[in-house]
Structure formats: structure tokens, C-alpha cells
Amino acid sequence: MLQSTEVLREKPMRIVTPTVQVRAREPSVSQEEAPPCIVASHLSAFFGDAAAVKDVSISIPQNAVTAIIGPSGCGKSTLLRCFNRMHETVPGTRVEGSVEILGSSIYGDGTSPIAVRRHVGMVFQRPTPFPTMSIRANVAAGLRVDSKSHATRGATSEIVEEALQRAGLWAEVKDQLDESAMALSGGQQQRLCIARALATRPRVILLDEPTASLDPLSTQKVEELVYDLRQTVTVVIVTHNMQQAARVSDGTAFLLMGELVEFASTRELFTAPKDPRTESYITGRFG
Amino acid sequence: MRTARSRHLVSGAMIGLTYLAAVLATLPLLLILVHLLTKGASSLSLAFFTHMPRPVGEPGGGMANAIVGTLVLIGIATVIGLPIGIGAGLYLAEKKSSPLASTVRFLSDVLNGLPSIVMGIFAWEILVRPIGHFSALAGGVALGSMMIPLVTRTTEEMLLVVPTSLREAALALGYPRWRTSISVVLRTALAGIVTGALVAVARIAGETAPLLFTAIGNAFWSTSLSQPIAALPLQIFAYANSPYDEWHQQAWAGALVLIAIVLIISLAARFATRSRFGAPVD
Amino acid sequence: MTSLPVDWLEKDRRKLRVDASAFSDKVYEALTAACALVVPALVIAIALSIFAAAWPAFAKLGLSIITTSNWDVSGGHFGAAPALFGTLVSSTVALIIATPLAIGVAIFLSEFSPSWLRQPVGFLVDLLAAIPSVVYGLWGIFVLIPLLRQHVMPFLRDTLHLGATPFFSGPAYGPSMLAAGVILAIMALPYISAVSREVLMAVPRSQREAALALGATRWEMIRDAVIPYARSGIIGGIMLGLGRALGETMAVTMVIGNRLEISASLLSPGYTMASLIANEFSEATNDLHLSALMAVGAILFIITLIVNAVARWLVWSVARRRAQ
């Protein structure tokens with residue numbers, strides 16, 4: 001697995017932990033200076049009575065890629081789904097604490113989850129193109145909900161092109177925009193979903209293990225895309241793959257049994273973890 | 001102690017018996033179709049579709065009024081049964097485990113198994129007895145009531161085939177719940193729902209018993225909803241029980257037309273299903 | 001570039017008409033819930049309307065409607081025991097014929113059928129359920145009954161000497177309990193086989209492989225590993241078929257002979273509850289007669305309701321076990 005994607009970036013840096021390699025790069029914004037984008041305080045998320053996320057406080061910087069890692073069942077997807085109020089779409093669930101995005105409280109009184117989700121895009125484990133829609137309609141799907149700004153046809157196709165460009169898919173699909181999205185490969189479908197999420201020009205994009213169902217080559221393309229996206233949008237990516245977190249992220253949060261164990265710059269977390277539990281996890285002693 | 005040889009003989013014989021069962025089970029259908037074609041086709045003519053029934057002794061005559069009546073009844077039933085059934089199916093698919101959903105699911109299955117004659121009595125009691133005369137509307141209500149549980153269950157089944165991830169993707173884009181349900185989930189399952197609706201229509205198109213209490217039949221041309229209306233199954237029943245040969249011939253022709261309507265609808269349903277599986281959903 | 005105004009959510013709220021969509025969500029939910037509520041409402045309305053119509057007869061005659069067998073309209077006697085008897089006997093005959101055939105077909109389709117035969121045979125059997133009941137009746141009158149009277153009944157009674165038993169004695173009428181049973185068997189068959197096939201397919205592969213690995217023949221695998229696993233589902237399917245047979249009206253009315261008598265011989269005519277209602281409904285002139293017919297309907301309703309509820313419960317219990 002590592003071998004196939006190792007070629008991705010030149011100059012891998014040798015670090016102390018043997019299983020993970022962190023890419024040397026110039027951080028676009030360093031951890032400390034970046035103004036926070038998502039600020040969660042004392043956030044807990046429940047399924048019925050069981051807490052999947054326990055009292056998490058975290059401040060996620062703007063225009064950076066933040067990875068959330070942890071063993072399966074640690075609540076990392078649930079935490080992610082609290083950032084666009086998707087958690088509450090499952091019956092019997094509940095959220096406590098608060099989340100602010102760019103200064104607005106998304107769980108505030110009278111705040112509509114719909115407005116939140118319009119500004120916080122999400123991409124899931126498996127590609128989810130709408131099977132009855134063309135490629136074009138898929139990308140424009142999020143625009144059509146905006147009931148007041150029924151964009152003109154011309155404006156829409158501009159937005160579609162821009163989103164597909166940003167998702168690195170334009171060259172591959174520009175001649176088949178009106179064909180079914182189901183004809184695309186899995187990797188292309190996933191990038192189409194990223195384009196769909198980008199089309200509404202969100203401030204934040206949440207990726208829930210976006211490469212879990214993809215082959216190594218498609219994974220590489222999506223990772224490159226994520227790496228580029230951080231220039232224009234704040235990215236939070238959940239992954240069970242530590243190498244991936246090391247390759248694409250600026251900051252990494254380690255979650256264990258619903259609790260935030262450690263959050264630091266990716267380099268720091270993988271080279272000099274402060275918490276012994278983080279160290280055991282990244283050196284492969286459990287998970 | 002049985003030998004391996006005898007055990008294998010028994011096994012072979014039993015497998016052979018299942019082949020025999022398959023032959024015997026398909027035989028009646030083939031027989032019925034052959035008889036319908038041979039006996040029905042000979043008395044089928046253009047006049048059968050365009051003419052009204054004639055009294056015994058007069059040659060010719062057709063079932064134009066009954067054919068139209070059946071279509072009217074199917075129309076009323078569909079207008080009642082389809083929207084309510086699809087709405088209930090949406091509810092069941094979305095509130096999977098709520099107490100109301102479990103109750104509705106169970107009662108739909110029970111309703112599907114109730115004798116159709118019971119639906120006739122029900123429609124007669126609420127729409128014929130209080131008003132004082134039989135009507136096409138009462139017939140349509142009886143058939144529509146039969147359609148509701150059928151459409152409810154098939155709609156639910158088809159909606160459950162749509163992956164949850166698709167619903168989540170729409171919600172995450174900022175779709176309100178209702179738009180997620182209608183323009184993503186329902187839209188994705190549409191081919192299957194159309195199939196289910198067609199199967200339900202085929203099922204009620206040939207129903208006779210509920211009509212005895214409601215539409216009752218009409219020897220004359222009528223498309224009025226408040227008047228008794230003719231229907232193919234009723235006409236077939238009346239003619240088959242008559243002592244006249246010509247009417248028996250007409251009954252066979254009517255049965256052929258009725259089965260053609262039902263088969264065309266069923267085949268359309270098969271076709272719709274096929275195209276559904278042709279397009280990968282997940 | 002990401003300098004959003006602090007009140008961006010508030011702005012969006014107006015722009016996106018989110019209050020409107022929250023309201024639409026409520027309307028949508030209420031509408032679908034209302035549609036769902038139609039189903040229980042329908043069940044209650046059906047029960048109420050039938051019992052309301054049957055009440056005068058129950059009040060006057062009590063249970064004598066199904067315990068006595070004197071049906072004399074002008075004399076005011078309404079004993080429909082022969083119809084109850086006919087319903088039970090014709091359905092039993094139907095199940096005796098249909099069950100082995102239906103399970104045989106289901107096993108054939110789920111285990112042994114060559115793949116090219118599976119679809120067409122499955123389709124033809126399913127199609128049996130799509131044939132309108134009145135067409136079965138027509139075919140029964142003009143094809144099945146002559147066949148039974150001229151060939152099958154003499155063969156059973158004389159060649160096989162079954163005439164010595166009360167069940168096949170007496171003159172061979174065409175319209176008879178046997179004719180009704182055969183028609184009902186054909187009509188119930190697709191329901192039993194569809195459910196059986198479904199539950200057989202649901203038996204896990206491991207179950208079959210374990211049996212084969214122990215050296216069982218293919219039949220022993222079916223008998224010892226597959227059928228026990230699917231048993232309650234198959235019984236549920238049989239009960240669904242029974243529900244169909246009990247309530248079937250038109251085809252039976254056309255072939256059973258419509259005579260209100262209790263006779264042990266399957267070769268004699270009989271009556272069923274459903275056909276009694278269908279036949280006499282249009283002739284019923286006095287209120288008690290009408291109400292007595294509705295009372296017969298109410299009893300039929302209760303019987304089929306119970307049979308169906310038990311059937312569904314059995315099929316569901318298999319499905320639930322599979323889900324676990």
C-alpha cells in the first residue's frame with residue numbers, strides 16, 4: 001500500500017517513527033498563525049444514550065488540511081458529521097456543546113442545518129453520484145436548491161466548469177457532460193462528488209474517508225486534489241490510513257474512543273507525539 | 001442400512017420429481033392461454049371493440065362499453081391508489097422502525113391478503129347503500145382501496161434499494177428533507193415504483209367480485225361516475241353463466257381482451273424492471 | 001478571500017428561505033404520514049362497515065348463521081354451515097394439490113433448475129397470479145369441468161375404486177367441490193411457490209455446504225439442511241395460499257355448483273361463503289337476508305384476517321432471523 005503511493009511526492013523525509021513518512025513541504029499557513037475556521041467546544045455526539053464523541057474541543061485552522069485519525073469506531077466520522085449537522089439526520093441522535101464556523105454558531109438557536117450544509121461541503125466513503133442525473137446535472141445539483149438565485153444557464157455552466165476544473169476532472173469529462181455519471185470509473189465518480197461539493201463554493205469541505213473504496217491510482221489523484229484544495233478552502237479529512245494523513249494534511253487530530261487525545265501539526269504528531277497513546281497508535285501497537 | 005447407491009437413486013428421483021412439479025405447475029397456464037387464443041380469437045373482430053352488446057339472437061355486437069368501463073374503473077382506482085400508496089411507501093421507507101411504520105407495514109400485508117369481495121362489501125356499505133344506487137365511483141373506490149396496500153409495499157421495497165449514501169449526499173448538499181426524498185430518492189427508485197404500480201393495476205384490472213357490489217354493470221353506454229358502469233370482468237361473468245352459445249363465444253373474446261390488457265401491463269412492468277437493473281444504482 | 005461577514009448564516013437564512021424549507025419539510029412529513037394512516041384507517045373502516053351491515057342478522061340469529069344448515073330465505077332461516085363447510089373443504093383440497101407442486105417448483109427453481117430455464121419457468125408460475133379470477137372461472141366451466149366429468153372423476157371413482165370411500169362416491173357432477181379445489185389449487189400455487197422460493201433462497205450457502213461436506217446427496221442436503229431452515233417461512237407461504245383460497249369468489253362461484261348441502265363426496269356440488277354472498281347479494285330483497293349475507297362476509301373476514309396475520313408473522317419471523 002505504502003509502496004504504491006510513496007512515489008507520489010518527491011523527497012520524503014526520514015522521521016523517527018518507522019511506519020509513517022511525512023512529506024516535507026512549506027506550510028501554507030503555519031498552525032499558530034492561521035485564524036481558526038471551525039471551533040468546537042465541549043462537543044459531544046450521541047447515538048441514543050451512547051456517546052460516540054465525548055467532550056471534544058478543537059480549533060481547526062483556515063485554508064489548511066486537517067486530518068482526523070484513529071482506530072475504527074473511535075468516532076472520527078461522527079465528529080466530522082457534527083461539523084455540517086449531518087449527525088442529526090440519523091434518528092435518535094443528539095449533539096451537545098457548540099461548534100462555530102467562521103464566527104457563526106452552527107448549532108445556534110434558529111440556525112437552519114440547510115444553511116450550514118450549503119457552506120460546508122461533504123464527500124463520503126463511497127462515491128455518491130446521483131444515478132438519474134447527467135454529469136453536468138450532478139455538479140449543478142447543489143446549485144439548484146438555492147431557490148432564489150436560479151442562476152442562468154450560462155452562469156451555471158461556468159460554475160460547473162470551474163468546479164470540475166478544481167476537482168481535476170474537467171479534461172476527462174468535458175465531452176460527455178450530458179452522459180450519465182454512472183459511466184465514470186469509481187475514482188472519477190469520487191472526484192465528481194468533490195466537484196459537486198465545490199460547486200456551491202463552500203468555505204469548508206469535509207471528506208469522510210474519501211479513498212476507502214478506491215484503487216491506489218485513483219487514491220493518488222484524490223490525494224493530489226486534496227493537497228491542492230487547501231489553497232482555497234478549509235479541508236477536514238477523516239482517514240483510517242495514517243500514511244494518507246501524513247501525505248496530505250497540515251494538522252492531524254488523533255481520536256480514541258470518542259476523545260480527542262492529541263491535535264498538533266502533522267509533522268509534530270507523527271515525529272514527536274506528546275501522548276503515549278498517540279505514539280502507540282502511530283507506531284502500530286493497536287488499531 | 002441404505003447403500004450409497006440407493007441414496008443416490010432416491011436423490012435422483014426426488015430431483016426428477018421437482019422437474020415434474022415444474023412441468024405440472026406451468027401446464028395450467030399454457031392450457032389456459034391456448035384455450036383463450038383458440039376460443040377467443042375466433043370471435044374477436046373489430047366490432048367487438050366498437051359495438052355495444054346485442055340481445056341474444058342478434059348476430060354481432062361487442063363489448064365497447066365494458067372495455068371503456070374497465071378503463072374508467074382502472075383510472076379511478078389509480079387516481080386513488082397510486083398517490084396514497086406512494087405517499088405511504090415514502091413514509092415507511094423513511095420512518096423504518098417507528099411504531100406507526102411497523103403497524104402500517106403489517107396491516108398493508110394483511111389487507112393484501114383479504115378477499116377482494118370484502119373490499120366490495122366495504123365500498124357498498126359506504127358509497128352505495130347511503131346514496132341509494134350503484135356507481136362507477138364506488139367500483140373505483142373498491143379497486144383503489146385494493147391498490148393502496150399493494151403500491152405501499154412495493155414502493156417501500158423499491159425505495160429501500162436506494163442506498164442511504166445517496167440520501168446523505170443530497171442532505172449534505174443542503175437539500176431539504178422533502179426535496180431529498182422526492183428529487184433524489186424517489187427519482188432514483190422511479191423505474192421500480194412504476195413496475196410496482198403496473199403490477200398493482202394488472203392485479204385490479206381483472207377483479208370482479210368487488211364490482212358486483214359497486215359498479216354492478218351496465219348494458220348501455222355510460223361513463224358517468226355516479227351511474228352504474230359496465231366492466232369486462234362483469235360482462236365475462238354474466239355471459240359465461242348464460243345458457244347461450246353466442247354469449248359464451250363473446251365471453252371467451254372478452255377474456256382474451258382482458259388477459260391481453262393484464263399481460264401487456266405485466267410485460268410493461270417486466271420491461272421497466274429490466275431497465276432498472278440495467279442501470280447500476282450503487 | 002474567506003472573510004465572511006460574521007452573520008453569514010443569518011444572511012443565508014433569508015436568501016435560502018430556509019424557514020420555508022423547514023415548513024415544507026413539516027408539510028411533506030405530515031402528508032406522507034397521512035397517506036400511511038390511510039392503511040390502518042382502511043382496516044378499521046372495513047371492519048366497522050362489515051360488522052355494521054352484519055349486525056341486524058347477528059342480533060337476531062346469533063351464531064346459528066354458521067352452526068345451522070337450513071338456508072330458507074322466505075322462512076327467515078339463515079344457516080350457512082354448508083357454505084362454511086364448502087369453504088374449508090375446497091381450500092383444503094386446493095392446498096393438498098398445490099402444496100407439493102408449489103414447493104417442488106420452488107425447490108426446482110432455487111436449487112436444480114438449469115439457469116436458462118429459471119427465468120421463464122419463474123415468470124410463467126408468477127403469471128398464474130396475474131390471471132383474473134373470472135378467466136379461471138370461464139376456463140373452469142368450459143375446459144376443466146368437462147375434463148373432470150368425462151375422464152378424471154370416472155378414473156378416480158371406478159378405475160382406482162375410490163368410489164368405495166365416501167369422498168369419491170355418487171354421481172359425477174361436473175360442477176363440484178373437486179372442480180373448485182382444482183381451480184383454487186392453480187390459483188394458490190403461485191403465492192405458495194413465490195414465498196417458498198424466497199425463503200429457500202435465503203438459506204445461507206454455508207448451511208448447504210456443511211451438509212454436502214458431510215457426504216449428503218443433493219436431495220438429503222435439501223431435506224436435512226435447507227427445508228428445516230426454511231420451514232416456518234414455507235408454512236407462512238402455505239397459509240398465504242390458504243388465505244387466497246378461502247376468500248376467492250368468482251372462479252369458485254363458476255365451478256362449484258352452488259348447492260347448499262354438506263356432502264362428503266368431492267364429486268358433488270357445494271357452496272362457499274364467498275360464492276354464497278356473490279350469488280345471493282343481487283337477489284336479496286329483505287333486510288334480514290342482506291344482513292345475513294353480510295354476517296357470512298364478516299365471518300369470512302375474521303377467518304381470512306387471522307390466517308393472513310399468522311402467515312405474515314411466520315414469514316416475518318424467517319426474515320427477521322435472516323437479518324440477525
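## A tour of a pocket, an interface and a cavity

About 620 Å³ of space lies in the second largest pocket, our starting point in this predicted model.

**Stop 1: the pocket.** Select Pro91(A), Ala93(B), Glu94(B), Lys96(B) and Arg167(B), which sit nearest the centre of the second largest pocket. Then widen the selection to the full lining, 24 residues in total. To see the framework around this pocket, colour helix 3 (64–94), helix 6 (136–161), helix 7 and helix 8 of chain B, plus helix 2 (18–61) of chain C; each of these gives two or more residues to the lining. Helix 7 of chain B supplies the largest share, four residues. If you colour the lining by class, you will find 11 nonpolar, five polar and eight charged residues.

**Stop 2: where chain B meets chain A.** Keep helix 7 of chain B on screen, as this helix also gives the most to the side of chain B that touches chain A, with seven residues. Now show the whole interface: 20 residues of chain B are in contact with 25 residues of chain A. The two chains bury about 1900 Å² between them, and carbon and sulfur atoms give 63% of that area. On the chain B side, pick out Glu168(B), Ala172(B) and Leu173(B): they lose the most area to chain A, together 30% of what that side buries.

Stay on Glu168(B) and add Arg81(A). These two form a salt bridge, with the closest N and O atoms 2.6 Å apart. The count between chain B and chain A is one salt bridge, and two residue pairs are in polar contact across this interface. For the helices on this side, highlight helix 7 (164–172) and helix 8 (177–188) of chain B, each supplying at least two of the touching residues. By class, the side of chain B that touches chain A holds 11 nonpolar, four polar and five charged residues.

**Stop 3: the largest cavity.** Next, turn to the enclosed spaces. The model has seven cavities of 30 Å³ or more, and the largest cavity holds about 370 Å³ of space. Which residues are closest to its centre? Select Glu207(B), Ser133(C), Met187(C), Arg244(C) and Glu248(C), the closest of the 27 that line this cavity. Then bring in helix 9 (190–205) of chain B with helix 6 (133–159), helix 7 (177–201) and helix 9 (218–247) of chain C, the elements that give two or more residues to the lining. Colouring by class once again, you will see 15 nonpolar, eight polar and four charged residues around the largest cavity.

Definitions and conventions. Residues numbered from 1 in each chain as written. Chains lettered and ligands numbered in written order. Predicted model: local features only at pLDDT ≥ 70, side-chain atom pairs only at ≥ 80, totals over all residues. Heavy atoms only, no water. Contact = heavy atoms within 4.5 Å. Buried area = accessible area lost by both parts, 1.4 Å probe. Salt bridge = Lys/Arg side-chain N within 4 Å of Asp/Glu carboxyl O. Polar contact = N/O pair within 3.5 Å; in protein donor to acceptor, adjacent residues only side chain to side chain. Nonpolar A, V, L, I, M, F, W, Y, C, P; charged D, E, K, R; others polar. 1 Å grid on protein atoms, 1.4 Å probe; cavity = no way out; pocket = protein on both sides within 12 Å on 5 of 7 lines; lining within 4 Å. Points joined across faces, edges and corners; volume = space filled by probe spheres on them.
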